[in-house]
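User: I have just opened this one and do not know my way around yet. Could you walk me through it?

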Amino acid sequence: VSEMAAHKVAHATLTGPSVVKELLIGLSLGLVAGGLWKMHHWNEQRKRRAFYDLLEKGEISVVAEE
């Protein structure tokens, strides 16, 4: 009989997923991932812009020297 009581207590503590909590966690993770992606994108854009600026100034060339 005591085994059944412990079993019921264990199930009483396991409630179903909270929809609001899951939405907030999903939203937070999405915003963090999106922020990291944008930071990566801005960094790549900065590198690309610097490359083309140097290319335009003639400081670098994409043609191999002979």
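User: Which residues form the nonpolar patch on the surface?
Analyst: This is a predicted model, and in it the patch is made of F51, Y52, L54, I60, V62 and V63, which together have about 550 Å² of accessible area.

User: Where is I60 found, and is I60 buried or exposed?
Analyst: I60 sits in the segment after α2, and because its relative accessibility is 30%, I60 counts as partly exposed.

User: And what about F51 and Y52, how are their rings arranged?
Analyst: The structure holds one aromatic pair. That pair is F51 with Y52, and the arrangement is edge-to-face, with 5.2 Å from centre to centre and 75 degrees between the planes. F51 has a relative accessible area of 34%, so F51 is partly exposed, and Y52, with a relative accessible area of 49%, is likewise partly exposed.

User: Let's step back a bit. How many helices and strands does the protein have?
Analyst: There are two helices and zero strands in the protein. Helix α2 covers residues 19–57, and just after α2 comes G58, which takes a positive phi of about 85 degrees.

User: Does the length of α2 agree or disagree with what its residues should span?
Analyst: The two agree, because the 39 residues of α2, at 1.5 Å a residue, should span 57 Å, and the C-alpha atoms at the ends of α2 are 56 Å apart.

User: OK, charges next. How many salt bridges does a search of the whole structure find?
Analyst: The search finds one. The salt bridge links E44 to K47, and the closest N and O atoms are 3.4 Å apart.

User: Where do E44 and K47 lie?
Analyst: Both lie in helix α2, three residues apart, which is about one turn of the helix. As a general point, an α-helix has 3.6 residues a turn, so residues three or four places apart point the same way. E44 counts as partly exposed because its relative accessibility is 28%, and K47 counts as partly exposed as well, because its relative accessibility is 45%.

User: What joins the side chains of N43 and R46?
Analyst: A polar contact of 2.5 Å joins them. N43 is found in helix α2, and its relative accessibility of 29% lies between the cut-offs of 20% and 50%, so N43 counts as partly exposed.

User: Last thing, what share of the residues counts as buried?
Analyst: The share is 0% of the 66 residues of the protein. As for the surface, the protein exposes about 6500 Å², and carbon and sulfur atoms supply 65% of that area.

Technical notes:
Residues numbered from 1 in each chain as written. Predicted model: local features only at pLDDT ≥ 70, side-chain atom pairs only at ≥ 80, totals over all residues. Heavy atoms only, no water. Salt bridge = Lys/Arg side-chain N within 4 Å of Asp/Glu carboxyl O. Helix = DSSP H or I, 4+ residues; strand = E, 2+ residues; numbered from the N terminus. Buried < 20%, exposed > 50% of the residue type's maximum accessible area, 1.4 Å probe, protein only. Patch = residues over 30% accessible without salt bridge, like charges linked within 9 Å, V, L, I, M, F, W, Y side chains within 5 Å. Areas by Shrake-Rupley, 256 points an atom, 1.4 Å probe, with all protein chains shown as cover. Phe/Tyr/Trp six-rings, centres within 6.5 Å; stacked < 30°, edge-to-face > 60°. Expected span 1.5 Å × (residues − 1). Polar contact = N/O pair within 3.5 Å; in protein donor to acceptor, adjacent residues only side chain to side chain.
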